[in-house]
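Colleague: I'd like a close look at one part of this model, the sheet and whatever sits around it. Could you walk me through it, starting from a single residue that helps us get our bearings?

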Amino acid sequence: MTAAPVKPHFSSLAFEDVPRPDHADVVVVPLPDGATTDPAAWARAIFDVRSTPLWVRAAFVLRQALVPLIGVSRGYKSVFDVSRVEGEEALIVADDTHLDFRCAVGVDGAARLVRVTTVVRLHGWKGRAYFVPVRLAHGPVLTAMLRRAARRLGRSPGR
């Protein structure tokens, strides 16, 4: 008798409000030895300025200067604050006139992985125009920030 194939299952809080996003991606890194498994701590570390490479900071400055040209708000400091934690995921929610953004930071202690799931629903031409360069930069930017956070949290057991 052959065992039934196991179907992969993927779920994330990021898809609850935006089940059919215009953009979605997942970035995964190994959980460093000694690092916390608290997803809220990981979310804070990823979006901490110390996890942001200089080239990303420069891109954010450019973003702040350019977005008013298409009528998009500059954003606010608390945009990446954790909205809620459920199980192994911390969810960040940020909605604006041009897009709805969800970012779920999950820590799987058993698999020794940290994953960041991002979903975006775009609104109108402003959202589409804004997201053209963001789509290209998002993966490399998030990967760099996640890796820097992993190095910091790996050096700070129990943080």
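Modeller: Happy to, and keep in mind that this is a predicted model. Let's start at H138, which is found in helix α4, residues 124-155. H138 counts as buried because its relative accessible area is 17%, under the 20% cut-off. Skip its neighbours within four places in sequence, and H138 is in contact with H23, D25 and T118.

Now for the sheet itself. Five strands make it up, in the order β1-β5-β4-β3-β2, with antiparallel pairing, and the sheet is open. The edges belong to β1 (23-30) and β2 (82-86); each has a single partner strand, so one side of each has no neighbour in the sheet. From one strand to the next, the twist averages 15°.

Take the β1 edge. Here β1 pairs with β5 (residues 113-122) over eight bridges, in the antiparallel sense. If you want a spot to click on, V29 has V114 in β5 as its bridge partner. Helix α4 packs on the sheet and touches β1, β4 and β5, with its direction at about 5° to that of β1.

Over at the other edge, β2 and β3 pair antiparallel through four bridges, and R84 has L91 in β3 as its bridge partner. These two strands form a hairpin with two residues between them, and G87 in the turn has a positive phi of about 60°. Next, β3 and β4 run antiparallel, joined by seven bridges; D95 finds its bridge partner, D100, in β4. That pair is a hairpin too, with three residues between the strands. Strand β3 is largely enclosed by the rest of the structure, because five of its seven residues are buried. Helix α2 (residues 39-46) lies across β2, β3, β4 and β5, and runs at about 125° to β4.

Last stop, the largest pocket, which holds about 1300 Å³ of space. It is lined by 40 residues, and the closest to its centre are F60, R63, Q64, F80 and Y130. Our starting helix comes back here: α4 gives the largest share of the lining, ten residues. At least two lining residues come from each of α3 (54-66), β3, β4, β5 and α4. Sorted by class, the lining has 26 nonpolar, seven polar and seven charged residues.

Conventions:
Residues are numbered from 1 along each chain as its sequence is written. This is a predicted model: local features need pLDDT of at least 70, side-chain atom pairs count only at pLDDT 80 or more; totals for chains, interfaces and linings use all residues. Side-chain values use heavy atoms; hydrogens and water are left out. Buried means under 20% relative accessible area, exposed over 50%, partly exposed in between (1.4 Å probe, protein chains only). Contact means heavy atoms within 4.5 Å. Two strands pair if DSSP finds at least two bridges between them. Axes are lines fitted to C-alpha atoms, for helices over the stretch in contact, and angles run from 0 to 180 degrees between N-to-C directions. On a 1 Å grid over the protein atoms alone, a cavity is a set of points where a 1.4 Å probe fits but cannot get out, and a pocket is an open set with protein on both sides within 12 Å along at least five of seven lines; lining residues have an atom within 4 Å of a point. Grid points are joined across faces, edges and corners, and a volume is the space filled by probe spheres set on the points. Ala, Val, Leu, Ile, Met, Phe, Trp, Tyr, Cys and Pro count as nonpolar, Asp, Glu, Lys and Arg as charged, and the others, Gly among them, as polar.
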